[in-house]
Amino acid sequence: MAIYASPEEMVAPHSRTNRWTFAIILTAFLTLIYFLQSEEAAERFVALQDVVNKSASIRGIANRTGFPSFQDQDISELVWNDDDYEEEANDDTGKEVADDDAVMAQDEVEEDVTEGTKQTKVDDSRANNKPFSETAKEDEKPVTSQAEDDVTSKTTDEKQKDDKLNLHQDNDTTDIQSVDEEENGETSTLKAAEKDESETSTSKGKTDTPPEDTATKEKTVQESENECASMCMSREKEQKVHWGGDLLDITEVERLAKEQYDKLIARLKNDYGEEYFTKIFEVDGKSRGRSAFLSANKEDGISLQRFKRKLKMKLLSVQLSVEREREAVGECYCKVGAKLSSRSLESNEMSPLADHHERFVWATGGHSSAAGHGNLFNQSYTAVMENALVDVFGSIGIEFEGRAYAMGGTPAAPEIALCNEAIFGTDPDVLSWDFAMLDGRIWDRKGMYSNRGAGLNPNRPAIFDMFIDKFVERRVEEIQKIEERGLTGLYMNPDVFEEMKNGIPDTFGLNSEQINALPRFVRHFKCQDALEKGDPTCDDMKYDNKEVCPDRKGMASWHPGWKLMALWGNTIALFLSETLLDAIAEIGPDSDRASLLRHLETEEKIDYQKFSKSDLPDLEGSFLTQIGDELLNETDVSIFFRSPSICHTARLPAETRYLGILTESDKVGVDGYDKGIPKNVAEFLKGGDDSLVSMPLVYDPAERQSCEFELNRDYKDFFYASNKMSWSSLTIPNKAEAQIYGKDADRYKYHGLLVMCIKSCDW
């Protein structure tokens, strides 16, 4: 899909016979969203690893019902317009492909239930800590189909079994494969030695003795086994030293996590003082952490169980990764429990241990309060939570990442909901909703955000609702709908935070000496039973470090200060760490890791089948009802809730910017991303009458605050065209977007529905 803008008009190809034409003098827009369609949209996860490395730089292919499947034709070769369009594709082609894929998707789910087939894992550029420019090079390698992989895997498994039972000698090198400990281990070792001696004695006199220099270089079977045994023991010891225990022993895992949790508690007691820590964070000697978030259905706590299932899957994946790391050591095969561990040893070097084996991502969605405006960036509750949890999760091989991706002056939908993958990434495990101030009673915003975030994001994140103290009953009702659709929805317990508030000491009536004697995290916190406001000091001391960038933006009465941010961030950390400990305890010491993981993955798939068959959210008061009856009648509104989309957004913070996907650049990272050009430069861009230039990515320097410390990351960057410029173009999706967000695009056709979000003044 290509968008063109000229000094007089902007043309968006709409169909074969119609075009939308806008007469403009200047345009600046934040986001373009293009929808994909599929008869089984909720099953899009099945093909996520089949990366389709194709560019969708197509001129004029919007809104066509007969658009051929990507599986049938390379879209990078298509250049269609009204004059040269040829009727090569028919409606049946796309339908047959969609039907076949739907059958294949159903077969895969049934196979998981009966045979425990492992779920396809998302392996995008973020999960590998690689920018798009590096990921694209790797994806140029040939990709085999799932069926071919299954055959190859099966063939390999059969060969390994044969090798274990048939010890053999091949030319100058003796290869002995691992043999099962209980049945054939010691016997095969003896037979191998007898066979070796027999064949050696038989060969004497029949063949010449090898040259002495070659013979001295060869290792005997026993030498190989001894060296492998030593290397395997060294690797196991190295792992245990690295992690401080054995990650394959669930009791050790629990101990390691509990040790870091205890350190977190000790740190909080130091920050809040032991007396006030007890009053704020405990009740009857037990932590309030576990009760900080609730399932809408409190009786069975289904969302909490689903969330613990996700944590168990993470931990089991860690253990299987540790097991693989321990088994493959140099040229040795160190299968746990096997007697034989040998191959020809050309190298005895061991690969370095992984720093982590899994990642857990919390992504914060919300408005300016959630972004921490008025505070330093590292004082936002997402940053506080991440700082509290990195060691707890890291102690058992899971890297914890908190993405503070809230944006000032921004509601949950439609822009953020429709662009959840481009903004939050394809790998979040939790997607929080903190939009209460802006969403208010517009319930469909939350419905769209949850359906697209939890239902369509490939990593199937849990939705955590923050601060539902207003309209509690109605908000809980909305969360319950999420649970009924098979998704995971939890909400912050308002009763717990009211109880925590009661534990904070009131500064009113205290003299300065008494106030200064209070621990820092409760000092100037509550005055006259109000948090961060009131006399004598709470108003003045709401924002910390005022000497640092004293003119920073956002120090408003409606924004929380650093003490509230710390309270929220630490409470979330307690909930997550305590739920993690509960999940570890439920796994148990005698669990079969691989079998249990397959079982949990199958359970998750069954839950998500409910989502694909569920009713759409209520459209009462929805923005969709405001687009006009004629257009609404022509549009299938289900695509806004069920169809995947490719989002070309300039907004920050966003993974598509930080990973170089939007700009197809090797400039990546929260500090090194491609920032585009400043607005004052873009306003003077000019071009020749016949030139066609790319519509520039522009930022407003006035939005960036100058400070030695980071204050915020949310900016409304935009794409720009003006009457001073010649014709300019913008193509969506670009090659990187098609590859990362449309990686299963062979299952979809374009709807041709384009959503444009125009830049507006911030509030």
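**Exercise 1. Cis peptide bonds**

Where is the place of Pro-536? Determine also which peptide bonds ending at Pro-414 and Pro-536 depart from the usual geometry.

*Solution.* The model examined here is predicted.
Step 1. Pro-536 lies in the loop that connects S18 with helix H19 (562-587).
Step 2. The bond from Asp-535 to Pro-536 is cis, its omega being near 10°.
Step 3. A second cis bond leads from Ala-413 to Pro-414, with omega near 5°; Pro-414 belongs to the loop between S13 and helix H12 (415-418).
Step 4. For context, most peptide bonds are trans.

**Exercise 2. Positive phi values**

Asp-284 and Phe-467 are to be compared: state the phi of each residue, its location, and whether it is buried or exposed.

*Solution.* Step 1. Most residues other than glycine have a negative phi.
Step 2. Asp-284, although not a glycine, has a positive phi of about 55°. Phe-467, also a residue other than glycine, has a positive phi near 55°.
Step 3. Asp-284 sits in the loop between strand S7 (282-283) and strand S8 (286-287), whereas Phe-467 sits in the loop between S15 and H16.
Step 4. The relative accessible area of Asp-284 is 76%, so Asp-284 is exposed, the cut-off being over 50%. Phe-467 has 18%, which is under 20%, and is therefore buried.

**Exercise 3. The six-stranded sheet**

Establish the strand order of the open sheet, identify its edges, and describe the pairing around S15 and S16.

*Solution.* Step 1. The order of the six strands is S9-S16-S15-S14-S12-S13, with mixed pairing.
Step 2. Strand S9 (293-295) and strand S13 (398-404) each have a single partner strand, so one side of each lacks a neighbour in the sheet and both stand at the edges.
Step 3. On average, and with direction ignored, neighbouring strands of the sheet are turned by 25° against each other.
Step 4. S9 pairs with strand S16 (residues 489-492) in the antiparallel sense over three bridges; Ser-295 is opposite Leu-490 in S16.
Step 5. S14 and S15 run parallel and are joined by four bridges, with Trp-433 opposite Asp-465 in S15.
Step 6. S15 and S16 likewise run parallel, through three bridges, and Ile-463 is opposite Gly-489 in S16.
Step 7. S15, helix H16 (residues 472-484) and S16 constitute a right-handed β-α-β unit.
Step 8. S15 is covered on both faces: Ala-462 and Phe-464 are buried on one side, and Ile-463 and Asp-465 are buried on the other.

**Exercise 4. Helix H9 between partners**

Describe how H9 packs on the sheet, and characterise its crossing with H20.

*Solution.* Step 1. H9 touches S9, strand S12 (358-366), S13, strand S14 (430-434), strand S15 (462-465) and S16; its direction makes about 140° with that of S12.
Step 2. The axes of helix H9 (residues 302-327) and helix H20 (residues 593-613) come within 9 Å and cross at roughly 145°. The crossing is left-handed.
Step 3. Among the contact residues are Arg-306, Met-313 and Leu-320 of H9, and Leu-597, Glu-604 and Lys-610 of H20.
Step 4. Classification of the contact of H9 with H20 gives seven nonpolar, two polar and eleven charged residues.

**Exercise 5. Ala-530 and the whole chain**

Is Ala-530 buried or exposed, and what is the general composition of the protein?

*Solution.* Step 1. Ala-530 is found in strand S18 (residues 530-531). Its relative accessibility is 17%, so Ala-530 counts as buried.
Step 2. The protein contains 25 helices and 25 strands, and 53% of its 763 residues count as buried.

Methods
Residues numbered from 1 in each chain as written. Predicted model: local features only at pLDDT ≥ 70, side-chain atom pairs only at ≥ 80, totals over all residues. Heavy atoms only, no water. Axes fitted to C-alpha atoms, helices over the stretch in contact; angles between N-to-C directions. Helix = DSSP H or I, 4+ residues; strand = E, 2+ residues; numbered from the N terminus. Left-handed = near helix turned anticlockwise from the far one by under 90°. Contact = heavy atoms within 4.5 Å. Nonpolar A, V, L, I, M, F, W, Y, C, P; charged D, E, K, R; others polar. Pairing = 2+ DSSP bridges. Buried < 20%, exposed > 50% of the residue type's maximum accessible area, 1.4 Å probe, protein only. Right-handed = clockwise from strand over helix to strand, strands pointing away.
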